[in-house]
Amino acid sequence: MPEIVHDSRSSIATDPLRNFRFLVKIPHTPAGLKSSLITLGFMNCAGLSVETSVIAYRQGGMNTTPQKMPGQSEFTPITLSRGVVVKTPQASRWVQEIFSVIQGGGDYAPSKGKDFRTNIDIMVLAHPYTRDTRVPVKLRFKVYNAWPQSLGFSDLDAGGNAVLMEQMVIQHEGWKVTYATDPYSSEAAKIA
C-alpha cells in the first residue's frame, strides 16, 4: 500500500499564487472628501504588462543579420472594475480633478504643492489563510505616477438582473514588482 504523506508544506510552497485574492490601495484623497480611495475594493484588475520595442539595425561589414537592441518600454494602462456602492464618489471626484487641472483653476496643481497623480500598491495576498492574524502579501506591484484616464459605467437595463459596474482606466509611468522571499512566512513583500 502506498504511503500517505500528511505534510502539505511542499505543495503549498510550490503552488502558484491565486489571482482572486488581491488588494488595490490608492492613497489619494480627492478634493472635498475626507476618505480616500484606499477603502475601495475592486473586482478586477487588468493590464499589468510591459513591452519593450526592438531597434534593429545593420552596420557595414556585419550585415548578414540585423543586430537588435532594446528600445523604449511601454506600460499598458491598468483597468480597475468594481460594483458601484453608494457613498463612494472617490473615483468620479478623482476624474474631476483632471478637468480642474486642464482648466488651470484646480487646487491639485504642482505649483500649489499638490498633485492629482499618486503611487498605487497592488498586492496579491496569500491563500489559504495562515495562522497569523495578518494576511501576508506574497506579490506587490508598486505603480508610479498614476492618474485616471477614463471612468465608465455599465449599461442600465430595466429588464436585466446585473450589478451596476464602474470601470476606471489608470495611466501610469511604470511599475516595479516585488516577490515575497518565504512561502511560509507572514512577512509581506516589501518595496523600498
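On a 1 Å grid over the protein atoms alone, a pocket is an open set of points where a 1.4 Å probe fits, with protein on both sides within 12 Å along at least five of seven lines. A residue lines a pocket if it has an atom within 4 Å of a point. Keep that in mind for later.

This is a predicted model, in which local features need pLDDT of at least 70 and side-chain atom pairs count only at pLDDT 80 or more, while totals for chains, interfaces and linings use all residues. Residues are numbered from 1 along each chain as its sequence is written, and side-chain values use heavy atoms, with hydrogens and water left out.

Start with the layout. The chain has two helices and nine strands. Here helices (H or I, at least four residues) and strands (E, at least two) are DSSP runs, numbered from the N terminus. Read from that end, the order is α-β-β-β-β-β-α-β-β-β-β. Buried residues make up 27% of the 192 residues. Buried means under 20% relative accessible area, exposed means over 50%, and partly exposed lies in between (1.4 Å probe, protein chains only). Now look at contacts, meaning heavy atoms within 4.5 Å. Among those between residues at least 6 apart in sequence, 66% join residues at least 24 apart.

Next, go inside. A nonpolar core is a set of buried Ala, Val, Leu, Ile, Met, Phe, Trp, Tyr and Cys residues joined through side-chain atoms within 4.5 Å. The largest one here has 20 residues. Leu80, Ile120 and Ile170 have the most contacts inside it. Five elements give two or more residues each to this core: β5 (78-83), α2 (90-103), β6 (118-125), β7 (137-153) and β8 (165-171). The largest share, four residues, comes from β7. Take Ile170 as an example. Setting aside neighbours within four places in sequence, Ile170 touches Pro77, Ile78, Leu80, Trp94, Ile120, Ala146, Trp147, Pro148 and Gln149.

Strand β6 deserves a closer look. Seven of its eight residues are buried. Which strands pair with β6? Two strands pair if DSSP finds at least two bridges between them. β1 pairs with β6 in the antiparallel sense, over four bridges. β7 also runs antiparallel to β6, joined by seven bridges. Asp121 shows both links. In β6, Asp121 is the bridge partner of Lys25. Asp121 also stands opposite Lys142 in β7.

Thr118 lies in β6 too. Thr118 is buried, at 10% relative accessible area. Leaving out neighbours within four places in sequence, its contacts are Ile26, Pro27, His28, Trp94, Val143, Tyr144, Asn145 and Ala146. A polar atom of the Thr118 side chain lies 3.5 Å from the backbone oxygen of Pro27. Such a polar contact is a pair of N or O atoms within 3.5 Å; within protein, one must be able to donate a hydrogen and the other to accept it, and residues adjacent in sequence count only if both atoms are side-chain atoms.

Arg21 sits in the loop between α1 (9-14) and β1 (22-25). Is Arg21 buried or exposed? At 12% relative accessibility, Arg21 counts as buried. The side chain of Arg21 reaches the backbone oxygen of Ala126 at 2.6 Å.

Helix α2 holds another covered residue. Gln90 lies in this helix and is buried, with a relative accessible area of 2%. Gln90 and Leu40 are 50 residues apart along the chain, yet their C-alpha atoms are separated by 8.7 Å.

Now return to pockets. The second largest has a volume of about 250 Å³. That volume is the space filled by probe spheres set on the grid points, which are joined across faces, edges and corners. Its lining is Leu17, Arg18, Asn19, Phe20, Phe22, Met43, Asn44, Cys45, Leu48, Ile122, Val124 and Phe141. β2 (44-46) and β6 are the elements that give two or more residues to this lining.

Finally, check two backbone angles. Lys87 has a positive phi of about 65°, although it is not a glycine. Lys87 is in the loop between β5 and α2. Lys87 is exposed, with a relative accessible area of 80%. Asn145 also has a positive phi, near 50°, and is a residue other than glycine. Asn145 is found in strand β7. At 30% relative accessibility, Asn145 counts as partly exposed.
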